[in-house]
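Biologist: Please put the model on the screen. I will ask about it piece by piece, and you can answer from the coordinates.

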Amino acid sequence: MKADSNEQVLLKGLANNDSKAIDAIYKENFASIQSFILNNNGSYDDARDVFQEAMIALYEKAQSESFVLTCQIRTYVYSICRRLWLKRLQQLGRFTRQVDPLDETVAVEEDLEIHEKRNAEFAIMDRALNSLGEPCKGLLEGFYLKKMDMQELAQEFGYTNADNAKNQKYKCLMRLKKLFFAQYNIGE
């Protein structure tokens with residue numbers, strides 16, 4: 001799931017230091033962060049500090065062209081703030097039972113890096129598949145996406161039998177693999 005276009009506009013604005021985008025993100029998100037921190041042994045100043053750290057993290061991510069937001073900005077900011085605040089509580093020894101244990105929280109930064117990498121790999125695979133051409137693209141999509149068996153593929157693509165379709169699928173898969181890794185290794 002990709003964030004909607006309004007969220008993408010806000011991210012681009014944030015990356016370009018657009019004060020309207022920054023204000024919008026602040027107005028839409030600060031109240032929930034403040035409420036969370038005040039309800040968990042924090043102060044207004046703590047909420048401002050943690051929110052500022054989260055905004056810096058989001059700003060740095062937004063400046064990366066490879067960053068793809070897979071959730072709402074609100075979810076992303078809240079997750080970062082929650083993790084930062086729980087770490088701070090643990091460091092200060094004020095960690096209470098009102099807050100879930102730190103090891104039960106999701107390491108958003110690590111998960112996002114994994115998702116960013118996976119999304120980049122999917123984009124490379126998509127480009128490789130599109131540059132593969134027909135009939136290879138159709139053959140691979142038929143087998144892997146449409147779940148067609150070899151006999152159906154042989155009929156669809158005019159091969160004399162299922163074994164010929166299987167051999168052609170293998171050759172196409174090797175071409176796709178070669179295209180994928182050529183693009184992957186140059187970091188596109």
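Modeller: Before the cysteines, some ground rules. This is a predicted model, where local features need pLDDT of at least 70, side-chain atom pairs count only at pLDDT 80 or more, and totals for chains, interfaces and linings use all residues. Residues are numbered from 1 along each chain as its sequence is written, and side-chain values use heavy atoms, with hydrogens and water left out.

Biologist: Are both cysteine 136 and cysteine 172 buried or exposed?

Modeller: Buried means under 20% relative accessible area, exposed over 50%, and partly exposed in between, with a 1.4 Å probe and protein chains only. By that rule, both cysteine 136 and cysteine 172 are buried.

Biologist: What is the handedness of the disulfide of cysteine 136 and cysteine 172?

Modeller: A disulfide is counted when a pair of cysteine sulfur atoms lies within 2.5 Å. The sulfur atoms of cysteine 136 and cysteine 172 are 2.1 Å apart, and the structure holds one disulfide. The torsion about the S-S bond of cysteine 136 and cysteine 172 is about -70 degrees, so the disulfide is left-handed.

Biologist: Which helices hold cysteine 136 and cysteine 172, and how many residues apart are they?

Modeller: Helices (H or I, at least four residues) and strands (E, at least two) are DSSP runs, numbered from the N terminus. The disulfide pair links distant parts of the chain. Cysteine 136 is in helix α6 (residues 136-145) and cysteine 172 in helix α8 (residues 162-185), a separation of 36 residues.

Biologist: What is the relative accessibility of cysteine 81?

Modeller: Cysteine 71 has a relative accessible area of 16%, so it is buried. Cysteine 81 also counts as buried, with a relative accessibility of 0%.

Biologist: How many helices and strands does the protein have?

Modeller: From the N terminus on, the elements run α-α-α-α-α-α-α-α. The count is therefore eight helices and zero strands.

Biologist: What share of the contacts with a separation of 6 or more comes from residues 24 or more positions apart?

Modeller: Contact means heavy atoms within 4.5 Å. Among contacts in the protein with a separation of 6 or more, the share from residues 24 or more positions apart is 62%.

Biologist: How much of the exposed area do carbon and sulfur atoms supply?

Modeller: Accessible areas come from the Shrake-Rupley method with a 1.4 Å probe, and for residues only the protein chains shown count as cover. Buried residues make up 35% of the 188 residues. The protein exposes about 11,700 Å², and the part supplied by carbon and sulfur atoms is 50%.

Biologist: Which peptide bond is cis, with omega near 5 degrees?

Modeller: Most residues other than glycine have a negative phi, and most peptide bonds are trans. Proline 135 sits in the loop between α5 (108-132) and α6. The cis bond runs from glutamate 134 to proline 135.

Biologist: Where does lysine 147 lie, given its positive phi of about 60 degrees?

Modeller: Lysine 147 is not a glycine, yet its phi is positive, at about 60 degrees. Lysine 147 is exposed, with a relative accessible area of 65%. Its place is in the loop between α6 and α7 (150-157).

Biologist: And where does asparagine 41 lie?

Modeller: Asparagine 41 has a positive phi of about 65 degrees although it is not a glycine. It is partly exposed, with a relative accessible area of 31%. Asparagine 41 lies in the loop between α2 (19-38) and α3 (44-63).

Biologist: How are the rings of tyrosine 26 and phenylalanine 30 arranged?

Modeller: Rings of Phe, Tyr and Trp (its six-membered ring) pair if their centres lie within 6.5 Å; planes under 30 degrees apart count as stacked, over 60 as edge-to-face and the rest as tilted. By this rule the count comes to seven aromatic pairs. The rings of tyrosine 26 and phenylalanine 30 have centres 5.0 Å apart and planes at 10 degrees, so the pair is stacked.

Biologist: Which residues do ring pairs link into a cluster?

Modeller: Tyrosine 26 and phenylalanine 30 are four residues apart in helix α2, a separation of about one helical turn. Tyrosine 26 is partly exposed at 35% relative accessibility, whereas phenylalanine 30 is buried at 6%. The cluster linked by ring pairs is Tyr26, Phe30, Tyr44 and Phe51.
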